[in-house]
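I opened a fresh page in my notebook today. Here is what I looked up, entry by entry.

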Amino acid sequence: MDICHLTINPIDYERRIKNQAESLFFSGHSVSIVALGKPGENERLEKEEIPVRRIRTLFYKGGPFKF
């Protein structure tokens with residue numbers, strides 16, 4: 001099964017999502033993560049076996065426009 005984990009926070013702060021993604025991956029699923037990117041970060045990150053895609057936004061610090 002293909003699973004995409006989506007979060008509106010930077011992946012650096014989401015250890016829970018990393019743990020869930022790793023558990024699913026080691027159970028035999030195809031997993032990817034889409035997260036908010038901080039300014040200056042690479043858009044894609046291959047971390048261990050799970051690909052991470054970062055979404056850029058002009059309103060990184062928050063507020064209603066972040067969403």
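**A salt bridge and a core**

I began with charged pairs and found that the structure holds one salt bridge (a side-chain nitrogen of Lys or Arg within 4 Å of a carboxyl oxygen of Asp or Glu). I note that this is a predicted model, where local features need pLDDT of at least 70, side-chain atom pairs count only at pLDDT 80 or more, and totals for chains, interfaces and linings use all residues. Residues are numbered from 1 along each chain as its sequence is written, and side-chain values use heavy atoms, with hydrogens and water left out.

Which residues pair up? I found R15 and E22, whose closest N and O atoms are 3.8 Å apart. Side chains of opposite charge can pair when their charged atoms come close.

I checked how covered the partners are. E22 is buried (under 20% relative accessible area, 1.4 Å probe, protein chains only) at 18%. R15 is partly exposed (between 20% and the 50% above which a residue is exposed) at 47%.

Next I traced the fold. I counted one helix and four strands, taken as DSSP runs (H or I, at least four residues, for helices; E, at least two, for strands) numbered from the N terminus. Their order along the sequence is β-α-β-β-β.

Then I looked inside. The largest nonpolar core (buried Ala, Val, Leu, Ile, Met, Phe, Trp, Tyr and Cys residues joined through side-chain atoms within 4.5 Å) has nine residues, including I3, I11 and A21. Two or more residues each come from α1 (15-26), β2 (30-36) and β4 (50-55). β2 gives the largest share, three residues.

Last entry: of the protein's 67 residues, 28% are buried.
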